[in-house]
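Please read the report below with the sequence and the structure side by side, and find each named part in the picture before moving on. The text goes from the sheet to the helices, then to the cores, the cysteines and two loop residues.

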Amino acid sequence: MYSKFVFGALLFFSSFALAQNSKTPNTVLAGGKPVHTYAKLPAVNKPAPKFTLTDVTMKDQTLESYKGKYLILNIFPSVDTGVCSASVHHFNEDAASIPNTVVLCISKDLPFAQKRFCGAEGIKNVVMLSDFRSDFGKTYGVEITDSAMKGLLSRAVVVIDPSGKIVYEEQVADISHEPNYEAAIKAVKN
């Protein structure tokens, strides 16, 4: 009898601990088919989670690297797809005219591929960053956990204000669609 009580208590507390340490997965679509991401995006009005990503010169860049500026995190699977390329081009045009704002285009693409893309496409007003050797995808909840796209990042936008607080987030419902550019820009201008 005593051993059943102890076993039950251990089971209860281990389940509770597991629940406390796990993230709630999120479902998005990829071409109309459901895929899951590691978790939901970090919440608005909360401090932005710290990150370390790699730039096109293979140097680490952190959240602290951009302290005091508005950040638009343009997150996507790969710059070598049409929609991802379009989002980089769109933010590249918008970024040139917004004071005290930096657009970080984040994917799992290697820095070499990001640099090649920017050179070939004339991209100069955004910062390309790679998540190829960090835990950004899990920290921000955007890493895809199943399907043929497992390991890549879903399409999302997060806006961080100069104090480091998230002021806007959008997990694009279908990865094959572009984000709401106007809403992200409006979050910076408010």
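In this predicted model, seven strands form an open sheet of mixed pairing, and the order of the strands across the sheet is β4-β3-β7-β6-β5-β8-β9. The edges are formed by β4, residues 60-62, and β9, residues 166-171, each of which pairs on one side only. From one strand to the next, the twist averages 30°.

It helps to walk through the sheet starting at the β4 edge. Strand β3, which covers residues 52-55, pairs with β4 in the antiparallel sense over three bridges. Within this pairing, Leu53 has Gln61 of β4 as its bridge partner, and Thr54 has Asp60 of β4 as its bridge partner. The hairpin of β3 and β4 has four residues between the strands, and in this hairpin Met58 takes a positive phi near 70°.

Strand β3 also pairs with β7, again in the antiparallel sense, over two bridges. Here Asp55 stands opposite Leu129 in β7, while Thr54 stands opposite Ser130 in β7. Thr54 is therefore a useful residue to look for, since DSSP bridges are what define strand pairing, and Thr54 is matched with Asp60 in β4 as well as with Ser130 in β7.

In which sense do β6 and β7 pair, parallel or antiparallel? These two strands pair in the parallel sense, over four bridges, and Leu104 stands opposite Val127 in β7. Together with helix α3, the strands β6 and β7 make a right-handed β-α-β unit.

The three pairings described so far can be set side by side.

| Strands | Sense | Bridges |
|---|---|---|
| β3 and β4 | antiparallel | three |
| β3 and β7 | antiparallel | two |
| β6 and β7 | parallel | four |

Two helices lie across strands of this sheet. Helix α2, residues 82-95, lies across β5 (70-75), β6 (101-107), β7 (127-130) and β8 (156-160), and runs at about 165° to β5. Helix α3, residues 111-121, lies across β3, β6 and β7, and runs at about 160° to β7.

The next topic is the nonpolar cores. In soluble globular proteins, nonpolar side chains tend to be buried together. The largest nonpolar core in this model has 24 residues, and those with the most contacts inside it are Ile72, Val88, Phe91, Val126, Met128 and Val159. Two or more residues of this core come from each of β5, α2, β6, α3, β8 and α5, the last of these covering residues 181-189. Which element gives the largest share of this core? That element is α5, which contributes five residues.

Val126 shows what such surroundings look like for a single residue: leaving aside residues up to four places away in sequence, Val126 touches Val88, Phe91, Asn92, Ala95, Val103 and Cys105. Another core, of 21 residues, lies apart from the largest one, and among its residues are Leu53, Tyr66, Ile75 and Val102.

A disulfide is a covalent bond between the sulfur atoms of two cysteines. How many disulfides does the count come to? The count comes to zero. For Cys105, the nearest cysteine sulfur is that of Cys118, 7.5 Å away, and Cys105 is in no disulfide. Cys118 is likewise in no disulfide, the nearest cysteine sulfur being that of Cys105. The reasoning is short: a disulfide needs two cysteine sulfur atoms within 2.5 Å, whereas these two sulfur atoms are 7.5 Å apart. As for their surroundings, Cys105 is buried, with a relative accessible area of 0%, and Cys118 is buried too, with a relative accessible area of 12%.

Finally, two loop residues deserve a careful look at their backbone. Most residues other than glycine have a negative phi, and most peptide bonds are trans. Asn100, although not a glycine, has a positive phi of about 55°, and its place is in the loop between α2 and β6. Asn100 is partly exposed, with a relative accessible area of 38%. Ser147, which is not a glycine either, has a positive phi of about 75° and is found in the loop between α4 (136-139) and β8. Ser147 is partly exposed, with a relative accessible area of 40%.

Methods: Residues numbered from 1 in each chain as written. Predicted model: local features only at pLDDT ≥ 70, side-chain atom pairs only at ≥ 80, totals over all residues. Heavy atoms only, no water. Buried < 20%, exposed > 50% of the residue type's maximum accessible area, 1.4 Å probe, protein only. Axes fitted to C-alpha atoms, helices over the stretch in contact; angles between N-to-C directions. Contact = heavy atoms within 4.5 Å. Core = buried A, V, L, I, M, F, W, Y, C linked by side-chain atoms within 4.5 Å. Right-handed = clockwise from strand over helix to strand, strands pointing away.
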